[in-house]
Amino acid sequence: MNIEKNPTEVASAPPIPAAAEQVPLRAKVENLNFYYADGTQALKGVNMPILDRQITAMIGPSGCGKSTLLRCFNRMHDLYPGNRYEGRISLMPENQNLVGPEADPVLVRLRIGMVFQKPNPFPKSIYENVAAGLRVRGVKNKAMIDEAVEAALRRAAIWDEVKDRLHRSAYDMSGGQQQRLCIARALAPNPEILLLDEPTSALDPIATAKIEDLVQELGRETTIVIVTHNMQQAARISARTAFMYLGELIEFGATDQIFSTPSHPRTEQYITGRYG
């Protein structure tokens, strides 16, 4: 099937649905463009709300800009010279532009936690993995760190499995446990948004189910944005879904609506498996 862009289609991102406007915002993406150092434009005028204490899923074919957009939120692209942002990602309620030159990327990453596709624990103990972000924040009080480490491990539903071996290497854990440890590490500094970049793609079905259950539980009190290639996963765990294609946000809405009655033909083609 020919899925090249039709010039008669709307080029700009869709407006925010009225239903979304009634939910408090934790952040909003405003006319965001992103360029790699070689000049390639990876994001094109993206506008999207991030709703407070809800799970937002981003779906779309490989190379559509999902992970690129996700990594803008915590300035991961700054690790490579020459990459460039235009537009805003406004963190609410103070309306701070996370991609503006005045924002310190290190502080942004403490406010916007991230978990990657493959578990990436530090070559340290379980305890020190979780404490890492607190130490970056300058927390030195051992009692405060102990309390925060336990709280994060409990929130990540792994405390009972590791409480008796906190000072053993994180590399001794299974893949699923390592991913939950990485979630605990991201949670320890109490981030305002938690980013998940295909967090179950490297895990077996049992570990995947545990992570999904955990994400749903965390979503009751934490704003989460998850990138996934698994449309069934998006349908199971998210409240809102964004469909991206060729660097553009094609459609955003309630997950049930996106999967049952999408308003854009390209969204329908993707979720019915006609391309992807």
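**Entry 1: the six-stranded sheet**

I began with the sheet of six strands, which is open, has the order 6-7-8-3-9-10 and shows mixed pairing. I note at the outset that the model is predicted. I then looked up its edges and found strand 6 and strand 10 (248-254), each of which pairs on one side only. From one strand to the next, I recorded a twist that averages 20 degrees.

Within this sheet I followed one pair more closely. Strand 3 (residues 55-59) and strand 9 (residues 240-245) run parallel and are joined by four bridges. I looked up isoleucine 59 and found phenylalanine 243 of strand 9 as its bridge partner. I next asked which strands of the sheet helix 2 (residues 66-73) touches. The helix packs on the sheet and touches strand 3, strand 6, strand 7 (193-197), strand 8 (223-227) and strand 9. I recorded an angle of about 150 degrees between the direction of helix 2 and that of strand 7.

**Entry 2: the four-stranded sheet**

I turned to an open sheet of four strands, in the order 2-1-4-5, and noted that its pairing is antiparallel. Strand 2 (41-51) and strand 5 have a single partner strand each, so one side of each lacks a neighbour in the sheet. Helix 2 packs on this sheet, where I found it touching strand 1, strand 2 and strand 4. The direction of helix 2 makes about 65 degrees with that of strand 2.

I then went through the pairs. Seven bridges link strand 1 (residues 25-35) to strand 4 (residues 84-91) in the antiparallel sense. For glutamate 30, I found the bridge partner arginine 88 in strand 4. Strand 4 also pairs with strand 5 (residues 96-97), antiparallel, over two bridges. Here I noted serine 90 opposite asparagine 97, and leucine 91 with glutamine 96 as its bridge partner. Strand 4 and strand 5 form a hairpin, and I noted four residues between them. In the turn, asparagine 95 has a positive phi of about 65 degrees.

**Entry 3: helix 4 against helix 7**

I looked up how helix 4 and helix 7 pack and recorded an angle of about 35 degrees, with the axes 7 Å apart. The crossing is right-handed. Which residues make the contact? From helix 4 I listed Ile126, Asn129 and Val130, and from helix 7 Leu181, Ala184 and Arg185. By class, I recorded four nonpolar residues, one polar and one charged in this contact.

**Entry 4: the largest pocket**

Last, I examined the largest pocket, for which I recorded a volume of about 450 Å³. It is lined by 18 residues, and those closest to its centre are Arg109, Leu110, Phe122, Gly133 and Arg185. I asked which elements give two or more residues to the lining. They are helix 3 (105-111), strand 6 (112-115), helix 4 (126-136) and helix 7 (175-187). I classed the lining residues as twelve nonpolar, four polar and two charged.

I note two links to the earlier entries. Strand 6, an edge strand of the six-stranded sheet, contributes to the pocket lining. Arg185 belongs to the contact of helix 4 with helix 7 and is also among the residues closest to the centre of the pocket.

Conventions: Residues numbered from 1 in each chain as written. Predicted model: local features only at pLDDT ≥ 70, side-chain atom pairs only at ≥ 80, totals over all residues. Heavy atoms only, no water. 1 Å grid on protein atoms, 1.4 Å probe; cavity = no way out; pocket = protein on both sides within 12 Å on 5 of 7 lines; lining within 4 Å. Points joined across faces, edges and corners; volume = space filled by probe spheres on them. Nonpolar A, V, L, I, M, F, W, Y, C, P; charged D, E, K, R; others polar. Pairing = 2+ DSSP bridges. Axes fitted to C-alpha atoms, helices over the stretch in contact; angles between N-to-C directions. Contact = heavy atoms within 4.5 Å. Left-handed = near helix turned anticlockwise from the far one by under 90°.
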